Each structure stands twice: as structure tokens, then as C-alpha cells.
Amino acid sequence: MSLDLRAIARAVGGECLEHGVSARTPVDGVAALDGYVVAGSSDFVTLLIGPPAQLRARLAAGGDVTEVTTRAVYISSADDDELRAMTAQHSMTAILGATRIGPAWSAVGADTAADPAIVDAALHARLSALIAEDQAAADRIVTTGTKVLTQVARRGGVTAVIAELAHRIDGWAVLLDPHGQLIASAGAGRLHVDDAVAAALGRPVRVRHPGIQVHQVGSDRDLSGYLVIATRSRVISRSRDLASQSAALFDLLLRTRDPSLTEHLGREALLGVLLEGGPAATALLRRWGVRESGLTAFQFGTRTRTIDPEPLVARWFDELSIEHIFVGEPGRVRGFLPDHLSEELAARVTAFTPLGSGTAHLGLGLPAPAELLRRSAIQAQQALDSAIEDGHKVLRYTELPTVDLVLGALGGDGSAHLSAALDDLRDARGEHGALTETLRVFLAENGAQATSAARLGIHRQTLISRIHRIEHLTGLSMERADDRAAAWLALRALGITLGR
């Protein structure tokens, strides 16, 4: 529900005296004073209607009667000093002086001698109608959201649903398996994920997020996982309903085998062979039916969820009668195509006008022989990142300014020499991991420690320790401008951009 005490006060023309219950608390119902016996959820509040004398008697009764009464909100057309003092004394929020009661009030007009019972009945009817209309509107929003989530599930699976859910609840969402391992998340940093795991498994949560909820995915006997959400909105009932529907949808998605997944993983593995280069890449392309001696890397992507890039690329490749040497990732597609068809793909992207909002972008690398495709792939990624940032529909690597052209002019040996400056940051598997990412974020934030630590989801002291280790391993000082520039160039030579 979105109808809170402030909205109620405006609707009936009364004044909200905020004592025990916040004026921002949503309203879930209206009841007569003499029939109210049980307080509902602390997240909502009930409006109580009745004569001031009846309220006085309940507040003077003490015990459970008084406690239950003060947890609700008294609303009345009456307003005098005695009534105000009584509600303040018992820390009970009240809305007094309600004058806009509706058609029933019009019958008695401004007649102060009107039967109080008639006035209370008219006020009760007015409030019941307001709450019913608000509930109907909330139900329509949840129904529409559920339909959209179902459509998104058909198109993008678990990842797309979790992203859409986080957007609709104005917060973050984390999907975990029964053991608390992360399946997917949206809008959540590392601290959020840690707290989601703690909340799902009943452990202490380090940071109390407003509106955090845990929804079981599947039944107790056949558990698929947990959906944990946190919303910034005060309207938690709507987010609860959407999350509940999403949990049922996730249960279905997690139990449904996706035949396209095998193909996707296969193409991803094949693309990995091409990026490794050498004779194995050439032999693979021949077996794949690709006879061209060279290929051009491309990356096609968008920032909006209204465009699904992989089906678009598949359709364009079918129109150009070329093999699907690409793999889809969230928001983008990366792959290779014959050199002479790169402009054909660029023309299709330029002419593409999506329905609604959003723009698609294409980055193209330089042509490369089959055994040396990694460099072209890095160039395509840099071109796409710049295209998205600067708003170009199509951007070729040769059109990139400054650093990219410098790196291109250096050639393979020069770029390799630059990137070697960061070799000691590789992890035990020989890959660039946490230290390299820390360096990238630190440089992207211009050395701002608090912002960098927040982006990485780590404590500021942990960030400082990592920077000291980076300096020790590389021999570069982050306090020197020349060393920071060298580190930046080394990252770019590795194909890592500093984009925020």
C-alpha cells in the first residue's frame, strides 16, 4: 500500500499529530474503536474511529486494551485541546479535525449539532473507500509487474528477471542456492551479497538494510534456493508481493533445462580457443567452416534492458550468411566476423532503431590473422566502451583518440612491454584478479580512498593495504603522477578500461 498517514490527513482535511506512530507509516485498514482488539503488523497501522469519550475510556483502562489502542491511530472530525492533550499524554498519533468526509458529510453540512454517530459512519465509509482504491491500485501494479517479469524470464532467464525485479522494487536483489552460494544478483555490492547470505541462512547481518526480506524459492522438502531483497521504498507490501511472485518464477526457471545453454557454453569454449590463438585457433576455424585467413573482432552492446542484443546479432549473421562466431553476455555480444563483412554489420547497427528508449552500439577492432585474434578482441572492447560512453552508434578502433592510438602505434611488442609492468599482480592461476581490479578502481576514482573502497565493497584500511602491496610488487608509487600514468597505460595495454 502507498497510502500513509500524511496522505490520509490530506484526503480528509485533518491535521496529523505525530506522537507514537510515524506519519510516513502506511495504512492497512480502518476499524471502530469498540471492536478493535488486535494490532496487526508493525509495518502498517490501523485507523480507529469512535467518540472521544470511548477513546478516553480505552486509554484509561490500562493493560492490553491501552497498549493495543495506542499502537493504532485515532481519527476524528473532533478537535479540541483536551483531545490533543490526551493523545499526546499516551504517545498516540491522531488525525483530528477531519472536515472533508465525502457525500455523507454533505448531508449534514457544517452543522455542528449533527449526530456524531452519523459523522463517524460517513468518515468510516470515506476511509474504507480510500483504502480499497489504494489496494486495487497496488494490486494492478503487482499484476503488471508480474506480467513483465514473466515476459523478461522468457527472453533473458534468471539474470534478466533479477535485474527487472531490482529495478521495480527500487533496491537490490540476490538469488542464492540452498547452500547460500550466489546464483545471480542485481544492484547489490559485495556487502549486500554477504548480508543476503547471512539473512537467508539465519546468521547475524552486519548492516541492517531497510526493507530486507527473505523469500524461499521452492518448498521446504524441495528447496531451490533463497531470494533476498532490500527496497528503499516505504511501500514494502508491493515489493513483498513482487518478490513472492519472482520466487515462484525462479523456482520454475531453476528447474527447467534450457537447451540453448549447452550451445551457449559450447560457443563460449570455442571462442576461448580462438582467443588463445596459434595453430589450434586456425584449425578450429577450418573445422567450423570459416575459410577466411583473417577476421575482425566486434562487440555489440547496450545499456538498456529493453534491447536483447544476442537475437539481433544472430539475425544479422543469418542475413549475411556467416557462422555464429560470437557469444552473448549480459548487455553485450562479443565475437568475430570476416573482415569484408564488418561494414555490413556496421550498416545494420547504424540503421537499427529500437522501439521505445535505448540505443545499441558497435565496437570494431582491427583485422587480424586467425592465429592472433586476441588483440583485435581487446580493440573491439575498447571501441565499444568508448562508443557507449560517447554516444556513438558505431566506433572503429582506428577512430579512438589519444591512448588507444598510442598503444596501436606501439605494436604488439610495445604493448606487451607496458602490460608486463603489472605481471606481478597476477594471482596464483596467472590471472589478473583482486589486486589489478583494486588498481583500476583506485585510478578511476583519481586516488579517492573512501570512494574506491565503497566501489570495491571493502574497508578503507583494506584498500590502503592493497595499494601498498601493489606498490611493493610493481615498484610504482601511487603518489607520483608519472607512476600513476604508467599504471594506467599498462592497464589499457591489457585491454582494461577505467570506466566507472
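# Touring a predicted protein model

Buried residues make up 45% of the 500 residues in the protein. The model is a predicted one, and two colleagues talk it through below.

Biologist: How many helices and strands does the secondary structure of the protein come to?

Modeller: Happy to start there! Helices and strands are counted separately along the chain, and the secondary structure comes to 18 helices and 15 strands.

Biologist: What share of the contacts with a separation of 6 or more comes from residues 24 or more positions apart?

Modeller: This one looks at pairs that are well separated along the sequence. Among contacts in the protein with a separation of 6 or more, residues 24 or more positions apart account for 60%.

Biologist: Let's look at rings. Why is the pair of Phe298 and Phe317 tilted?

Modeller: The structure holds four aromatic pairs, and this is one of them. The ring centres of Phe298 and Phe317 are 5.6 Å apart. Planes under 30 degrees apart would count as stacked and those over 60 as edge-to-face. The planes here stand at 50°, so the pair is tilted.

Biologist: Where in the chain do Phe298 and Phe317 sit, and how many residues apart are they?

Modeller: Phe298 belongs to strand β10 (residues 294-302), while Phe317 belongs to helix α11 (residues 309-320). The pair therefore links distant parts of the chain, 19 residues apart.

Biologist: Is Phe298 buried or exposed?

Modeller: The cut-off helps here: buried means under 20% relative accessible area. Phe298 has a relative accessible area of 1%, so Phe298 is buried.

Biologist: And Phe317, buried or exposed?

Modeller: We can use the cut-off again, under 20% for buried. The relative accessibility of Phe317 is 0%, so Phe317 counts as buried.

Biologist: Which residues do ring pairs link into a cluster?

Modeller: Phe317 also forms an aromatic pair with Phe326, 5.2 Å centre to centre. That pair is edge-to-face, with 85° between the planes, and both Phe317 and Phe326 are buried. Ring pairs thus join up a cluster of Phe298, Phe317 and Phe326.

Biologist: On to a helix. Why do the buried residues of α16 lie on the same side?

Modeller: In helix α16 (residues 449-456), the buried residues are Ser452, Ala453 and Leu456. These residues lie on the same side of α16 because they cover an arc around the axis of only 95°.

Biologist: What do the buried residues of α16 pack against?

Modeller: Just after α16 comes Gly457, with a positive phi of about 75°. As for packing, the buried residues of α16 have two helices as partners, α15 (434-444) and α17 (460-474).

Biologist: Now the open sheet of five strands. Which strands stand at the edges?

Modeller: The strand order is β1-β5-β4-β3-β2, and the pairing is mixed. Two strands have a single partner each, so one side of each is left without a neighbour in the sheet. Those edge strands are β1 (15-17) and β2 (27-32).

Biologist: Which residue in β4 does Leu47 stand opposite?

Modeller: Some background first: strands of a sheet pair through backbone hydrogen bonds, either parallel or antiparallel. Strand β3 (residues 45-49) and strand β4 (residues 73-75) pair in the parallel sense over two bridges. The residue of β4 opposite Leu47 is Val73.

Biologist: How many salt bridges does the structure hold?

Modeller: Charged side chains meet in several places. One salt bridge is between Arg232 and Asp170, at 3.1 Å from N to O. In total, the structure holds 19 salt bridges.

Biologist: Is Arg232 buried or exposed?

Modeller: Exposed means over 50% relative accessible area. The relative accessibility of Arg232 is 61%, so Arg232 counts as exposed.

Biologist: How many residues apart are Glu389 and Arg303?

Modeller: Glu389 forms a salt bridge with Arg303, and their closest N and O atoms are 3.3 Å apart. Glu389 lies in helix α13 (residues 374-390) and Arg303 in the loop between β10 and α11. The pair links distant parts of the chain, 86 residues apart.

Biologist: Which parts does the salt bridge of Glu343 and Arg396 tie together?

Modeller: The closest N and O atoms of Glu343 and Arg396 are 2.7 Å apart. These two residues are 53 residues apart in sequence. Glu343 lies in one part and Arg396 in the other, so the pair ties together helix α12 (residues 342-351) and strand β15 (residues 394-396).

Note on methods: Residues numbered from 1 in each chain as written. Predicted model: local features only at pLDDT ≥ 70, side-chain atom pairs only at ≥ 80, totals over all residues. Heavy atoms only, no water. Phe/Tyr/Trp six-rings, centres within 6.5 Å; stacked < 30°, edge-to-face > 60°. Helix = DSSP H or I, 4+ residues; strand = E, 2+ residues; numbered from the N terminus. Buried < 20%, exposed > 50% of the residue type's maximum accessible area, 1.4 Å probe, protein only. Arc of directions from axis to C-beta. Contact = heavy atoms within 4.5 Å. Pairing = 2+ DSSP bridges. Salt bridge = Lys/Arg side-chain N within 4 Å of Asp/Glu carboxyl O.
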